[in-house]
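Work through the exercises below with the sequence and the model open. Try each task before reading its solution.

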There are 2 protein chains.
Amino acid sequence: MDIDALRSAHPEHWSKAAAIRALTLDAVAAANSGHSGMPMGMADVATVLFEKHLKFDAAQPSWPDRDRFILSAGHGSMLLYSLLHLTGYEQFPIEELRNFRQWGARTAGHPENFLAEAIETTTGPLGQGLANSVGFAMAEEMLRAQFSKKVVDHHTYVIAGDGCLMEGVSQEAIALAGRHELSKLIVFWDNNNITIDGKVELSDRTDQPMRFKSAGWHVQEIDGHDPEAIDAAITAAKQSNKPSMIACKTHIALGHAAQDTSKGHGALTNADQMAAAKAAYGWTTGPFEVPADIKAAWETIGRRGASEYTEWQERFAGLSERRQGEFNRRLSGEVPNKLAAVVRALKKQLSESQPNVATRKASEMALEVINPVLEETVGGSADLTGSNNTLTPDLGVFDIDNRKGRFVHWGIREHGMASAMNGMALHGGIKPYSGTFMCFTDYARPAMRLSALMRTSTIYVMTHDSIGLGEDGPTHQPVEHLAMLRATPNMLVFRPADVIETAEAWELALSQTGTPSTLSLTRQNVPTLRTEHKNKNLTAQGAYVMAEATGKRQAILMATGSEVAIAMDARALLEAEGIGTRVVSMPCWELFEAQDEAIRKRVLPAGPVRVAVEAGVRMGWDKWLMGERGREAKADFVGMDGFGASAPAETLYEKFGITAEAIAAKVKALL
Amino acid sequence: MDIDALRSAHPEHWSKAAAIRALTLDAVAAANSGHSGMPMGMADVATVLFEKHLKFDAAQPSWPDRDRFILSAGHGSMLLYSLLHLTGYEQFPIEELRNFRQWGARTAGHPENFLAEAIETTTGPLGQGLANSVGFAMAEEMLRAQFSKKVVDHHTYVIAGDGCLMEGVSQEAIALAGRHELSKLIVFWDNNNITIDGKVELSDRTDQPMRFKSAGWHVQEIDGHDPEAIDAAITAAKQSNKPSMIACKTHIALGHAAQDTSKGHGALTNADQMAAAKAAYGWTTGPFEVPADIKAAWETIGRRGASEYTEWQERFAGLSERRQGEFNRRLSGEVPNKLAAVVRALKKQLSESQPNVATRKASEMALEVINPVLEETVGGSADLTGSNNTLTPDLGVFDIDNRKGRFVHWGIREHGMASAMNGMALHGGIKPYSGTFMCFTDYARPAMRLSALMRTSTIYVMTHDSIGLGEDGPTHQPVEHLAMLRATPNMLVFRPADVIETAEAWELALSQTGTPSTLSLTRQNVPTLRTEHKNKNLTAQGAYVMAEATGKRQAILMATGSEVAIAMDARALLEAEGIGTRVVSMPCWELFEAQDEAIRKRVLPAGPVRVAVEAGVRMGWDKWLMGERGREAKADFVGMDGFGASAPAETLYEKFGITAEAIAAKVKALL
C-alpha cells in the first residue's frame, strides 16, 4: 500500500483518519491488549461517514433522531472510542482512551451500551450488531410512520467484519432487512480478507456481494481507503430504496508492518513498528496527543449536526403537547397508568369466569387488553404465530406498505428475531415481545444473554414450556431451559400458574426498564387457581402462598407454572390424610430473591418438609429446598432427570412421574 | 394440480409415491397429531431417490458405506418412517407406523437417531440436519482418503425445507460445504412456498438458488413432482464437483384440500378430506394397508443394494486384517489401549516438571501425545486456533487437496461447527473435537443440546472459561455457562484444575461412546497441583480430595478449574490459623453424581463447614453445599453474582472478591 500516495491525494482527510489510527495504536499499546488492525483499516470509511453523512451532535448524544452508528465488529472498539473522543463527546475525554480496557473505564474491551450514552449497542459476539441493526431500522420505520417524518427520519449505519458475515445470524438479519426493504439501513463490510486464523479463504469463499443481492440488497464495491469513493457510495446507498451493503476493500492495520496479516488483527504493541507506522502517517506528536488543528477539525465535525438538532427541536415543538408527551414517555420506557388498570380489570373478570386455558392463551388474553393501551408494544413470532398467541387483532402486520403494523412475522429465525428485538429496545420508543417454542431459546440464546447484559427490557414469549408439549418429542421439550435462563444474571423468568398470574407477569415484564423477561408458558390447559380477585399483583413478590395448610402445617409444596395445579391436587390428597400442606406458587424466582428475608421466611418457613415440583431439571431448586440458612433437613424434588419423549402430554406426565400421587408419596416418605 | 395427469404420466412411480402419502395420512390421523403436508409434497423426490440412486440395503442398516439420507425437515418424519417401512427395514413393521408419536414407539414425532439404526440423525430443530450433513460429508471425505475408495465411497442426501434455509445455521453449513467442495453432498430444497404462518414471502424473499451459488454450490431447479426431472437432476448432481442443491418446486399436501396452504403443513385428519385425497391418488385400500404389489415393488427397492453390499464386503475383506480391525474399531467408537498409556506417561512427566500453564495449554500438551495414537480424532476451531490450542503438529489441515487433514478451520461459525461435529460423530469413524471461547457456547448451544440428546461423543474445547479472560470484557466472560451445561442431561462438563486433571479429562472424554463432553479451560496460567504421580485417573471419580486437613477437619473447600489453586491458597491461610481445611477438586460433577453414596460421603463428609468456589454463578452449587441428606447447616459460596467487566484478570478476581482471603473470611464467618 502506498501510504504516501493516500496522504498526498487527500491530505485533510488523511490527517483526520490518521488521528484514529494513532489513538488506536496508543490505546492498545497502553492496555497491552486489544485489536489495532480493524480501526486502522476502517478509519477512512469512518472519517467520511462522520464528516459528511452521519447525523449527530456530540453535545446531544441522546437526540432521538440521530443516525445510529453500530460497530458490529466490536473488537475494533478503539475506532468508536477514537471517534467519540475526537468529535468531542463529553463522556470521552482523553483519559478514557488512556484507560482503555481498565477497571471502571467507559472504554471497555468491546463497546458496552450501558457505559456511555453514545454507545448504541453492545457488540463483540460477532454478528450481533448487524442483527441488532435490523431492529434499529424497523423501529425507525415504525416510529416515523407513527410520529411523522418531521421528528423521526434517520439512518442506521453498521460496520460489519468478515466474522459478522460468517455467523449464521447475519443471514437471518440480511434476509429480514431485504424482505422488509429497510432502505435506511446501510452496512459497510470491512472486506480486509483477514481473520484471526489467517486469510478468509481458509474458511470461506462466499461471494458476499452476490449473497446480499440474493437477499434483495443494493450492493456496491469500493476501495475503502478512497474518501471520494466512500462518499459517493454512501450517497448512492441513501438514495436506494433497498437496504444497502457497501463492500469496502481495506487493508487491516494499514501502514503497519503487520498490514494485511492475521497478526494485524490483534494488539500491535511493538514500539519500533508503532513509530514506523506513525511516521508513515506523518504523525509526529506523542502518545495520546492530537495536534490542535486536527482536533479542532474533528470537533467541528462533532458539532456539524448542531443546527440540525435545533431544527429538529423546533419541529418537535410543533407536535401537540399530547404527542410530545407520548413521544417522550415512550422513549423513557415508562408505561402509562392505564396498564395497571386494564390488567386489574382483566384479573377481576378472569377470577370470576375462571377459564381452563393454556397460559399461552392466557397470555393472548392479557395482550388483547394491553396492546390497545400500550402503543409501543411490537409483537412477533418465529413462524409460530398461532401457537405462541402473540398476535392480537389491533396490531396489524408490519410490512413494506404498512409501517404502522405492530406485529412482525420473523420467519424461522429465533436468533435474528431476538437480536432485532434488542435493536428495537435499544433504539427506544418500542417495547418488543416475540415468541417461539421454549426449547428454541437455544437458538435465541446469544441475543438473550445480550438482552440481560445490555439491560434492554426485551420480552421473550416462550410457549410449549415442558413435556406438556407432548408428541413433538424431546427435540421440542425443554427440560434444562428454565435453569439456563435463571442462571443468567439480570433476567426475569416468569412461569405463571394460571390466567391471573399470566396477566400479572405481563404487567411486570412490560414495566421493566433495564431487565429483560422471559415468559414460560404452557401448551396445555391449566385451571384458574386464583379464584379470589385481588387488585395487588401477587406475582410481584416472586412467590406467595397459593393455598394454606389446614391445621398443622407439615409440608410445603413449591411449584411453578402447570405444576402448581398438580401440587394443589397433591395437597388435596395429603390434606385428606390429615397432613396439613401449604402450596407456594413461585412464578418468578428473581423477584422472590429480591424480597426481604422476612418475606421469604414467611412464605417458606423452616419446619415443614419441602417438596418442589417442576417439569424441568432440579438444578437451582436446591436453593429453595435448603432454606434460608441451609437448615432444611427434609426436602425432595419431583421433576425431570433427563430428556422427554414423544407421546401425548398426559402419558408423559404419568410416565415421568410428575403426578399428584407421586408428590404426595414423596411428602409421606419425608415425614 | 392435475393429479390425474401426474398419475397417468408415470403410473408405476405414482403408486409407489402414493403409498408414502397414504401412510402419512393414516399415521397422522391415528396420532391426531403430526405433519402431513411435507411427506405428501416430497414423496416423489424421495421415491426417485430411493428407487434409482440411494445406495442402501434395508437388511443392512449399519452398512458403513451406505449413502446417508438426512431429513433436515424433521417434522416430515412420516416421510422417513414410510420409506423405512415400505422398503422392509425390520425395525419398522406397520405396527410402528400405527403407533406414530406414541410412548415407546420408534416413530417419534421427529426422527430420533437413538431409536433405530436406520435413522441417521435427530432432526426437528430446523437447520440442524443440513448442518449435520456437512460433517457427514466431511467424514466421508476423510475416511475415503484414509481407507481408500474401495471401502468408503458414498453420498449424503438431505431434504431441507424453507425453515431449514431461514435458520442462520444453514448459511454456516452452506458456506462450509462450498468452501470445501463437498461434492458428494446433495441437498433437495422442498420449495413449497409455505411455512406455518402462511406463504414464505410473509417473512422471506431470498433468491435461494442465487444464495447457494454465492457459496459455490451447483444449483438446479426442477418440478419436484416430475420423476424424470428428479432422476436427471440427481444424476447431474452426482457428476458435479461441487456440493449440489436441487430446488424442487413442490405442492405441500399434494392432492389434499389443504394443498398449497399453511394448513397443509400440520395434521390433516378430516376423514372426508382424507378420503377425497386418497381417491385422487387412486388409493383404495384401508388405513395402513398397502396393496401387495406396491409393497413388493418397494421391498425390491429395499434390497436393490444387496449385491452392492456383498461386493463391498468382498472389497473390505481385501484390506489387511490390521486395517479391517482398525476400521471396525473406529466405527465402534472404542479407543485403543494406547490412549491410557500415553496419558499415564504424560501425567508422570508433568507431575515431575510441574509446569505453570493455562489449562488450554495443558489441553494442547495432552493432544500432542493423544493425536498421534488416535487417528480418529479430528480437531478444529471457530477461528481461534491459536487461543483454543486445538491444532497439534501432526494433524494437517483438512482442505480440498488434503482430505487426510485432521484439523478444520471452521471459520467464525460456532453453530455450524458444533452441528458438523455431530454429523461426523454420527457418521462414525471420527472423534471430533473443536473449540471456541466458552462464552460462545451460546452460539453452539442448539447443536450442543442435540449432542447430548443424540448421544454423540462430540467434544467441545471451550477455553477462556471465566473472568480470567480479562480485558475482552463481559461479552466474552462466561458466568452462567457452566450452570447451563451442567443442567443439560447427558453432558459431561470437565473443568480441570491443572495440567494433570486436563490430561485425565481428555482420556475420559475420548473414551465416551454415548455422551458428549465439554472441557472448560482457562486462559490464564495455573500451577500444577497434582505433584505426586498416580496412574489412576482421579478425575474419573468426578471429585476427590486434593489436600487433606491437618489435624481436626473444620472446613471443606470445594472448587473447580482455576479456583482450585485459589482454594489451596485459602487452605494455607486457614491452616496457618489452626483451622484444619480439606480442599476438594470437583472437575466433573456428573461423574461424581454417578459414584456410590459411600464414595460421595467420603469426599464430602457431614460436619465441617463448606465453602464452594467457582468464578461463575452459584446455581447448582447448593446441591453440594446442602450435602447428601440436606443436613449441611453451614455453607457459603464465593463466585460471581452478575456479569464480569473489562479489566486485567488479576484486577477482576480482586474486584469480584474471588480471592484466598475472601474464602478464608467466609470460612471463619461460618465457624
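**Exercise 1. Place Ile194(A) and find its surroundings.**

Solution. Ile194(A) sits in strand E4 (residues 194-195) of chain A. Strands (E, at least two residues) and helices (H or I, at least four) are DSSP runs, numbered from the N terminus. The model is predicted: local features need pLDDT of at least 70, side-chain atom pairs count only at pLDDT 80 or more, and totals for chains, interfaces and linings use all residues. Residues are numbered from 1 along each chain as its sequence is written, chains are lettered from A and ligands numbered from 1 in the order in which they are written, and side-chain values use heavy atoms, with hydrogens and water left out.

Next, accessibility. Ile194(A) is buried, at 6% relative accessibility. Buried means under 20% relative accessible area, exposed over 50%, partly exposed in between (1.4 Å probe, protein chains only).

Last, contacts, meaning heavy atoms within 4.5 Å. Leaving out residues up to four places away in sequence, Ile194(A) touches Asp162(A), Lys199(A), Val200(A), Ile252(A), Asp260(A), Thr261(A) and Ser262(A).

**Exercise 2. Decide whether the annotated residues Asp162(A), Asn192(A) and Ile194(A) gather at one spot or are spread out.**

Solution. An unreviewed UniProt entry annotates these three as "binding site". UniProt positions are given in the numbering used here, feature names are shortened, and annotations may be inferred rather than shown by experiment. The three span 33 residues in sequence, yet no two of their C-alpha atoms are more than 7.9 Å apart, so they gather at one spot.

Check with Asp162(A). Asp162(A) lies in helix H7 of chain A. Its relative accessible area is 8%, which is buried. Its contacts beyond four places in sequence include Asn192(A) and Ile194(A).

**Exercise 3. Run the same check on the annotation that includes Pro125(A) and Gly163(A).**

Solution. In the unreviewed UniProt entry, this "binding site" covers His75(A), Gly124(A), Pro125(A), Leu126(A), Gly163(A), Asn192(A), His265(A) and Phe440(A). They span 366 residues, and the farthest two C-alpha atoms are 34.3 Å apart, so they do not all gather at one spot.

Take Pro125(A). It is in the loop between helix H5 (94-98) and helix H6 (128-147) of chain A. Pro125(A) is buried, at 6%. Among its contacts beyond four places in sequence are Phe440(B), Tyr443(B), Thr475(B) and His476(B).

Now Gly163(A). It belongs to helix H7 (residues 162-166) of chain A. Gly163(A) is buried too, at 9% relative accessibility. Beyond four places in sequence, it touches Leu126(A) and Ile412(B).

**Exercise 4. Describe the contact between chain A and chain B.**

Solution. Count residues: 103 come from chain A and 104 from chain B. Then take the area. About 8300 Å² is buried between the chains, with carbon and sulfur atoms giving 59%. Buried area is the accessible area (1.4 Å probe) that two parts lose on being put together, summed over both. Trp103(A), Tyr443(A) and Arg449(A) supply 10% of the area that chain A buries against chain B, more than any other three residues.

**Exercise 5. Locate Leu573(A) and state its exposure.**

Solution. Leu573(A) is in helix H22 (residues 562-576) of chain A. It is partly exposed, with a relative accessible area of 34%. Beyond four places in sequence, Leu573(A) touches Ala660(A), Glu661(A) and Ala664(A). The C-alpha atoms of Leu573(A) and Asp223(A) are separated by 76 Å.
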